[in-house]
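Student: I should like to work through this model by question and answer. Could we begin with the sheets and then turn to the DNA and the symmetry?

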There are 2 protein chains.
Amino acid sequence: MSDKYEGLKLKNQLCFPLYAVSKEIVKRYKPFLDRIDLTYTQYITMMVLWEHKCLNVKELGEYLFLDSGTLTPLLKKLEQKGLVERCRNKDDERILQVTLTKAGEKLKEKAVDVPASMMSCVHLEEKEAESLYRILYKILGEFSEDAEEG
Amino acid sequence: MSDKYEGLKLKNQLCFPLYAVSKEIVKRYKPFLDRIDLTYTQYITMMVLWEHKCLNVKELGEYLFLDSGTLTPLLKKLEQKGLVERCRNKDDERILQVTLTKAGEKLKEKAVDVPASMMSCVHLEEKEAESLYRILYKILGEFSEDAEEG
DNA sequence: TTTGATTGCATTGTACACAATTTAATTTCG
DNA sequence: CGAAATTAAATTGTGTACAATGCAATCAAA
C-alpha cells in the first residue's frame, strides 16, 4: 500500500503542524499586542525582562532561542520606544546590559491581561494543554543540551 | 503565593515553546535541505505539489497556511530554479496555476530521504509523537474553521 | 607579556511572514 | 445590460530569523 513517497506527504510530517500552529497562534496575539504596541517577539523579550530586570544579550538569547542578529535590532527598537536601556558593562565592554526603564516596568500592568485573553483563542482540555507543554519542553530540553555540547 | 504577574512568566506560556520548537526544528532541516537547494518553506511547498501536481496560489495557501504575500515571491523563486511553472488559468485569468516541471518532479527522488533523516533529530516516543500530532491538528482544525466562518 | 584564540555583540545578506493596499478579472444584482 | 461587490494575485512596508562575517575586548598560555 504505502509507496516510498508516503513520508513526503504534508500530513505525515510532525514539523509542519508545529510550524503552522506556531504561526497561527502568534497571528492571534496581534490584536491583543497591538493595544500595547508590541510585536510578539518584542512581547516575549519584555516578558523575560519583567521577570529578570537586567540581562545581557547572550542571556536573553538563551532564554528566547534567538541570536544577536535578531536581538540587536529588536532591542534598539525597544530602546526607541523608551521601554529599555542598553549600556555596556563597565567590567567587560563586550557585554551589553539590557535593563527596563520605568515605562518598560509600567507596561507590565497593561500586559497583564494578555495571557488570559489568548487562552480563549485556543480551546484545549487541561490534559491536552499539559501534555502539549510537557512534550514541547522535552524537545526544547534536548535542543538546549545539543547547544551546550556543540 | 502566585502574584498577578504569574501568567506573564515565559515558562507559563504555551505559545512560547511552540514558537521555539518550531524554529529550532526548521533550523535542523537546513543541512538536509541544503543538499537539494530548498529552504524549509520551499520544501513544504514542493511537498504539496508533489502530492497534488497542479494547484493555484489560493489552494497552496490553504494547505500551507500562507498568503500570497509569502507565496508570490517564493513561487517565482521556484520558477527561477526550474522546478515549477506558473501560468494563468484560461477560464479565469485571476487564477494562477502552479505545476511541476520535470525537474521539479524529479527532485522528489532526491528529497525522499529527508523525512527519515529529520526523524533522527527529534527523540520522541511513539506515543508522544502521536499525542503531539493529534493535539496540533486539533488546534489547526479549529483555526481552519475560524477561517471558513471568516 | 604578547600573540593567538575566544567571546559578545553588531552587521550584512537572504528569505520569509503578514497587514494593508492595489490591480485586474469575474460575479452579482438592480 | 452595467455599476457595484467580490475575488485572486501582486505589491509595499515592517519586522523578524538566521547564516556568515566582522570587530573589538578579553583571555590564555607559552
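Student: Which residue in β3(A) does C54(A) stand opposite?

Tutor: This is a predicted model. Strand β1(A) is joined by three bridges to β3 of chain A, residues 96-100, and the two run antiparallel. In that pairing, the residue of β3(A) opposite C54(A) is T99(A).

Student: In what order do the three strands of the open sheet of chain A lie?

Tutor: The pairing in this open sheet is antiparallel. Its edge strands are β1 (54-56) and β2 of chain A, each of which pairs on one side only. From one strand to the next, the twist averages 25°. With β1 and β2 at the edges, the order is β1-β3-β2.

Student: What angle does the direction of α4(A) make with that of β2(A)?

Tutor: Helix α4(A) packs on the sheet. The strands that α4(A) touches are β2 and β3 of chain A. Relative to the direction of β2(A), that of α4(A) makes an angle of about 120°.

Student: In chain B, which residue is the bridge partner of N56(B) in β3(B)?

Tutor: Chain B has an open, antiparallel sheet of three strands in the order β1-β3-β2. Its β1(B) and β3 (residues 96-100) run antiparallel and are joined by three bridges. Within β3(B), the partner of N56(B) is Q97(B).

Student: At what angle to β1(B) does helix α3 of chain B run?

Tutor: Helix α3 of chain B comprises residues 57-64. It lies across β1 and β3 of chain B. Its angle to β1(B) is about 95°.

Student: What share of the atoms of DNA strand C within 4 Å of the protein do sugar and phosphate account for?

Tutor: DNA strand C is surrounded by 30 residues, the closest being Y19(A), K58(A), T72(A), R86(A) and T39(B). Of the strand C atoms that come within 4 Å of the protein, the sugar and phosphate share is 79%.

Student: Which side chain has an N or O atom 2.8 Å from a base nitrogen of DNA strand C?

Tutor: Phosphate oxygens of strand C are approached by other side chains: an N or O atom of Y19(A) is 2.3 Å from one, and an N or O atom of R86(A) is 2.8 Å from one. For the base nitrogen, the side chain at 2.8 Å is that of S68(A).

Student: How many charged residues does the surface near DNA strand D have?

Tutor: Several side chains there have polar atoms close to phosphate oxygens of strand D: Q42(A) at 2.8 Å, T72(B) at 2.7 Å and K76(B) at 2.9 Å. Elements of both chains each supply at least two residues of this surface, among them α2 (40-52) of chain A and α1 (15-34) of chain B. By class, the surface has seven nonpolar and nine polar residues, and the number of charged ones is 14.

Student: What kind of axis relates chain A to chain B?

Tutor: A turn of 180° with a shift of 0.0 Å along the axis lays chain A on chain B, with an RMSD of 0.1 Å. That is therefore the relation of a two-fold axis.

Student: Why can it be said that the copies meet through the same surface?

Tutor: The argument rests on the interface residues of chain A. The copies meet through the same surface because the share of these residues that are also interface residues in chain B is 100%.

Notes. Residues numbered from 1 in each chain as written. Chains lettered and ligands numbered in written order. Predicted model: local features only at pLDDT ≥ 70, side-chain atom pairs only at ≥ 80, totals over all residues. Heavy atoms only, no water. Pairing = 2+ DSSP bridges. Helix = DSSP H or I, 4+ residues; strand = E, 2+ residues; numbered from the N terminus. Contact = heavy atoms within 4.5 Å. Axes fitted to C-alpha atoms, helices over the stretch in contact; angles between N-to-C directions. Polar contact = N/O pair within 3.5 Å; in protein donor to acceptor, adjacent residues only side chain to side chain. Nonpolar A, V, L, I, M, F, W, Y, C, P; charged D, E, K, R; others polar. Least-squares fit on C-alpha atoms with pLDDT ≥ 70 in both. Near = heavy atom within 4 Å.
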